[in-house]
Each structure stands twice: as structure tokens, then as C-alpha cells.
Amino acid sequence: MTEKKLRRSRQRERILELLRRTEQHPTAAWLYDNLRDEFPRLSLGTVYRNLGILVESGKVRKLDSGSTFDRFEINRGDHVHFVCRSCGRIFDLDVPETEEFQRAVLKQTGNRVTGHRIELYGECEQCRASA
Ligand SMILES: [Zn+2]
Ligand SMILES: [Zn+2]
């Protein structure tokens, strides 16, 4: 492996590590801020490129949030997201899966659900406490 390639794969490893360690669903800019000390020659574009490769390989999932910046997370399979409208944080909700809902969909419409993407919006616990 060339030195350049080695550096690229080191950067990807570190991006994965950061994503594994955080419960936030960070933007590329957040990742960049956390890696620029370690990799002085890193650019935001490189972070995006690395994220693109990781998304393609299925290790990372991109959350399209419409007009706002894309967020990224380790691919943990289907789960429910809570988006706080006050502070903008996105986090995973550890709530029971939606089997009952899926059964209802099958029964009422004949369509079988094989995956889901659920985003709930509201005010998080922290924001509620400080209101
Ligand atoms: Zn909040
Ligand atoms: Zn998530």
C-alpha cells in the first residue's frame, strides 16, 4: 500500500471509531473538527469522500435530513430516531420494535414491511428539564 492509501485508510478507521464512540449523529463538519489535529492535511472534502466510501460499504448510514446537513452514524440496522426540535440533537430511541404496527400494515393493506425508518420529533428530556 502506498503511503497515501495508508493515510486514507487510517482516516477511515478513525472516522468509524468516532462514530462508534458518539451517541450523536454527527455531521461531516463535526468529524472534521475532531480529526484535524490528528491529520493536519485533512480537508472537509476528504471527510465527505471517506464517509461516501463507508456508506457504500454498508458500515455507515447517512441520515438525509432534507435541507439541513446530512448526519452520519454507524449502521446499526433499523431503529427509531428522536429529533429534538429545540436543540437539534438526534438520538436513537431504545424502544420496542414495531412488530405490532408491521402486523397491522400487513393485515390492513397486504403489504409486508421489511424495514423501517422512523423519525419522531419533539422536545428531548434535557430541553424539557431546562425549560
Ligand atoms: Zn433538546
Ligand atoms: Zn441512529
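A residue counts as buried if 20 or more other C-beta atoms lie within 10 Å of its own, exposed if 12 or fewer, and partly exposed in between. With 10 C-beta neighbours inside 10 Å, E23 is therefore exposed. Keep in mind that this is a predicted model.

E23 sits in the loop between α1 and α2. Its C-alpha is 8.6 Å from that of E73, although the two positions lie 50 residues apart in sequence terms.

**Overall layout**

The protein splits into domain 1, covering 3-74, and domain 2, covering 80-130. Taken over C-alpha atoms, the centres of the two domains are 25 Å apart.

**The core and its helices**

Which residues make up the largest nonpolar core? There are 9 of them: I15, L19, A28, L31, V47, L51, L54, V60 and F72. The elements giving two or more residues to this core are α1 (3-21), α2 (28-35) and α3 (44-56). Of these, α3 gives the most, with 3 residues. As background, nonpolar side chains in soluble globular proteins tend to be buried together.

How do the axes of α1 and α3 cross? They come within 10 Å and cross at roughly 75 degrees. An angle of 65 to 115 degrees counts as roughly perpendicular, so α1 is roughly perpendicular to α3. On the α1 side of the contact you'll find Q11, R12, I15 and L16, and they meet T46, N50, L51, I53 and L54 in α3. By type, the residues of this contact come out as 5 nonpolar, 3 polar and 1 charged. Another general point for reading the α1 side: an α-helix has 3.6 residues a turn, so residues three or four places apart point the same way.

**A28, a core residue in close-up**

A28 belongs to helix α2 and is one of the residues of the largest nonpolar core. It has 22 other C-beta atoms within 10 Å, so A28 is buried. Setting aside neighbours up to four places away in sequence, A28 touches L44, V47, Y48 and L51. Of those partners, V47 and L51 are also listed in the core.

**I74 and T98**

I74 is in strand β2 (residues 71-74). Is I74 buried or partly exposed? The count is 16 other C-beta atoms within 10 Å, so I74 is partly exposed. Beyond its neighbours within four places in sequence, I74 is in contact with L19, R20 and V60. L19 and V60 both appear in the core list too.

T98 is found in the loop between β4 (90-93) and α4. With 15 C-beta neighbours inside 10 Å, T98 also lands in the partly exposed class.

**Helix α4**

What about helix α4, residues 99-109? The number of buried residues among its 11 is 0, so α4 lies largely in the open. Just after α4 comes G110, which takes a positive phi of about 80 degrees.

**Some C-alpha separations**

Here are the pairs side by side, with separation along the chain and through space.

| Pair | Apart in sequence | C-alpha to C-alpha |
|---|---|---|
| A28 and E123 | 95 residues | 24 Å |
| I74 and L35 | 39 residues | 17 Å |
| T98 and W30 | 68 residues | 32 Å |
| E23 and E73 | 50 residues | 8.6 Å |

Technical notes. Residues are numbered from 1 along each chain as its sequence is written. Chains are lettered from A and ligands numbered from 1 in the order in which they are written. This is a predicted model: local features need pLDDT of at least 70, side-chain atom pairs count only at pLDDT 80 or more; totals for chains, interfaces and linings use all residues. Domain bounds come from an automatic or database domain assignment. Helices (H or I, at least four residues) and strands (E, at least two) are DSSP runs, numbered from the N terminus. A nonpolar core is a set of buried Ala, Val, Leu, Ile, Met, Phe, Trp, Tyr and Cys residues joined through C-beta atoms within 7 Å. Axes are lines fitted to C-alpha atoms, for helices over the stretch in contact, and angles run from 0 to 180 degrees between N-to-C directions. Angles under 35 degrees count as roughly parallel, over 145 as roughly antiparallel, 65 to 115 as roughly perpendicular and the rest as oblique. Two residues are in contact if their C-beta atoms, placed from the backbone, lie within 7 Å. Ala, Val, Leu, Ile, Met, Phe, Trp, Tyr, Cys and Pro count as nonpolar, Asp, Glu, Lys and Arg as charged, and the others, Gly among them, as polar.
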